[in-house]
Amino acid sequence: MFIRISNSEIINLKEVKKFDLSFSGTICVSMSDKTVTYVSRRYVRKIKQVLGL
């Protein structure tokens, strides 16, 4: 399943190694190929709904 995390990035949820939620509300995404990216503030609510948080 693919999901947009910012205007310029779409990720495959099957390739996500972990989500790191910070106290400030941002979400850091670690991928299986060791790349790290961040969810845009605009998409944080949508990501939380998909993950059931």
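Strands β4 and β5 are joined by 3 bridges and run antiparallel, where strands and helices here are DSSP runs numbered from the N terminus, with at least two residues of E for a strand and at least four of H or I for a helix, and where two strands count as paired if DSSP finds at least two bridges between them. Within this pair, S30 has V36 of β5 as its bridge partner. I should say at once that this is a predicted model, in which local features need a pLDDT of at least 70 and side-chain atom pairs count only at pLDDT 80 or more, while totals for chains, interfaces and linings use all residues. Residues are numbered from 1 along each chain as its sequence is written, and side-chain values use heavy atoms, with hydrogens and water left out.

In the loop between β4 and β5 we find K34, which has a positive phi of about 70° although it is not a glycine. At 74% relative accessibility K34 counts as exposed, the classes being buried under 20% relative accessible area, exposed over 50% and partly exposed in between, with a 1.4 Å probe and protein chains only.

On the other side of the pairing, β4 (residues 27-31) is joined by 5 bridges to β3 (residues 16-21), and these two strands also run antiparallel. Here F19 has V29 in β4 as its bridge partner. The two strands form a hairpin with 5 residues between them, and G25 in the turn has a positive phi of about 100°.

Taken together, these strands give an open sheet of 3 strands in the order β3-β4-β5, with antiparallel pairing. Its edge strands are β3 and β5 (36-38), each of which pairs on one side only. Neighbouring strands of this sheet are turned by 25° against each other on average, direction ignored, with the axes being lines fitted to C-alpha atoms, for helices over the stretch in contact, and angles running from 0 to 180 degrees between N-to-C directions.

Turning to the N-terminal part, strand β1 (residues 2-6) pairs with β2 in the antiparallel sense over 4 bridges, and a hairpin joins the two through 2 residues. The bridge partner of S6 in β2 is E9. In the loop between β2 and β3 lies L13, which is partly exposed at 23% relative accessibility; the C-alpha atoms of L13 and M1 are separated by 5.6 Å, although these residues are 12 apart along the chain.

M1 appears again on the surface, where M1, L21, V50, L51 and L53 form a nonpolar patch with about 470 Å² of accessible area together. One of these residues, L51, has its place in helix α1 and is partly exposed, with a relative accessible area of 33%. Patches are made of residues with over 30% relative accessible area and no salt bridge, with like charges joined within 9 Å and nonpolar side chains (Val, Leu, Ile, Met, Phe, Trp, Tyr) within 5 Å; a salt bridge is a side-chain nitrogen of Lys or Arg within 4 Å of a carboxyl oxygen of Asp or Glu, and accessible areas come from the Shrake-Rupley method with a 1.4 Å probe, only the protein chains shown counting as cover for residues.

Finally, confidence: the chain averages a pLDDT of 88, and 100% of the residues score at least 70, on the predictor's per-residue confidence scale from 0 to 100.
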